[in-house]
Amino acid sequence: MLAGKTVLITGASSGIGAACAEKFAEAGARLLLLARRRERLEALAHELHSRFSASCHLLVCDVRDRHQVEDTLGSLPPAWADIDILVNNAGLARGLAPLHEGSYDDWEEMIDTNLKGLLAVTRAVLPRMVARRSGMIINIASIAGREVYPNGNVYCATKHAVRALSEALRIDLNGTNIRVVNIDPGLVETEFSLVRFRGDAERARKVYEGLQPLTAHDVAELVLFCATRPPHVVIADVLIVPTAQATTWLVHRQQG
Ligand code: NDP
Ligand code: 8X3
């Protein structure tokens, strides 16, 4: 079903995005891999080519820069220009602080990446999908798009916004055959917390202490499932959490 399909994955250099790239490559898709870190993308493309003979085209791009996104996606080689599936995954959290102590720079980075970056990529990709009356958008939002947790204020707000955009897209695209999927993961052990805490590995480790978190692979399997439903089916909205996680604030942790 995915053989020969063109899939654009943003944030493909790490975590959930890289795991999605692997799953789609295994299924025979052609991959547009987008992120800022070129070496990571090159290493991934090399691995996917040697394991699955996957065809990859690298897009070194910062989704916060709308003009860069427009230039990058507006000048794709013709063989790569018709994107069948867009996985909007690039995103990050910065800091964890009460709003009255929050940093404007952190807020801006999260809003510019998680919200405006997703908008810029979607705006650049959708017109050709609409013209072809075919395509799928998979937004990686978060459990933080359903619930707000202490000190998560702006990150949660960006993910609530992603959720709103998934719903809005499903309305705007009704009648076009384009499907919109919203996926909300709970705790997934990736570089996410390392980025949130600016390289503080000990603090990042504590986020997942005493429980078995999701892996990026767990989420990628769900993404692949959503991407392989027949054309009349949309998995519109999914929450995926580790068994130990009931809500953002209720997480069962083993002691010692
Ligand atoms: P990682 O930090 O492992 O991966 C984040 C990816 O986003 C990287 O590939 C990074 O690439 C890319 N990225 C970040 N900023 C930009 C940018 N400005 N332009 C282009 N790419 C960018 O984290 P995850 O894999 O966990 O996160 C992926 C998504 O999943 C995010 O949207 C996150 O909010 C969401 N999520 C994560 C959860 C978790 O617990 N881990 C739970 C719920 C949702 P590079 O730095 O090379 O640009
Ligand atoms: C990432 C999950 O709960 O750490 O979106 O915000 S959480």
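1. Let me start with the contact pattern: of the contacts in the chain with a separation of 6 or more, 72% are between residues 24 or more positions apart. Keep in mind that this is a predicted model. As for secondary structure, the chain has eight helices and seven strands.

2. On overall dimensions, the chain has a radius of gyration of 18 Å, and a compact globule with 256 residues would be near 18 Å, so the two agree. If you prefer extents, the C-alpha trace spans about 50 × 40 × 35 Å along its principal axes.

3. Next, burial and surface. Of the 256 residues in the chain, 48% are buried. The chain exposes about 12,300 Å², and carbon and sulfur atoms supply 53% of that area. For the charges, I'd just note that there are 28 positive and 29 negative ones, with mean positions 4 Å apart.

4. Now the nonpolar cores. The largest one has 39 residues, and Phe 24 and Ile 138 are the residues with the most contacts inside it. Helix 8 (residues 216–227) gives this core its largest share, eight residues. Another core, of 23 residues, lies apart from it; among its members are Leu 59, Leu 73, Ala 120 and Val 125. As background, nonpolar side chains tend to be buried together in soluble globular proteins.

5. Phe 24 is worth a click. Beyond its neighbours within four places in sequence, Phe 24 is in contact with Leu 2, Val 7, Ile 9, Ala 29, Leu 31, Ile 85, Val 87, Val 223, Leu 224 and Ala 227.

6. Then have a look at Asn 88, which is found in strand 4 (residues 85–88). Is Asn 88 buried or exposed? Its relative accessible area is 3%, and buried means under 20%, so Asn 88 counts as buried. Setting aside neighbours within four places in sequence, Asn 88 is in contact with Thr 10, Leu 118, Val 121, Thr 122, Ile 137, Ile 138, Asn 139 and Ile 140. One of these contacts, Ile 138, is also one of the two residues with the most contacts inside the largest nonpolar core.

7. Last, Val 207, which is found in helix 7 (residues 201–207). Which residues does Val 207 contact, leaving aside its neighbours within four places in sequence? They are Leu 187, Ser 193, Phe 197 and Arg 253. Glu 189 is 18 residues away from Val 207 along the chain, and the C-alpha atoms of the pair are separated by 8.7 Å.

Technical notes
Residues are numbered from 1 along each chain as its sequence is written. Chains are lettered from A and ligands numbered from 1 in the order in which they are written. This is a predicted model: local features need pLDDT of at least 70, side-chain atom pairs count only at pLDDT 80 or more; totals for chains, interfaces and linings use all residues. Side-chain values use heavy atoms; hydrogens and water are left out. Helices (H or I, at least four residues) and strands (E, at least two) are DSSP runs, numbered from the N terminus. The radius of gyration is taken over C-alpha atoms; the globule rule is 2.2 Å times the number of residues to the power 0.38. Buried means under 20% relative accessible area, exposed over 50%, partly exposed in between (1.4 Å probe, protein chains only). Contact means heavy atoms within 4.5 Å. Accessible areas come from the Shrake-Rupley method with a 1.4 Å probe; for residues, only the protein chains shown count as cover. Lys and Arg count as positive and Asp and Glu as negative; His and the chain ends are not counted. The place of a charge is taken as NZ of Lys, CZ of Arg, CG of Asp or CD of Glu. A nonpolar core is a set of buried Ala, Val, Leu, Ile, Met, Phe, Trp, Tyr and Cys residues joined through side-chain atoms within 4.5 Å.
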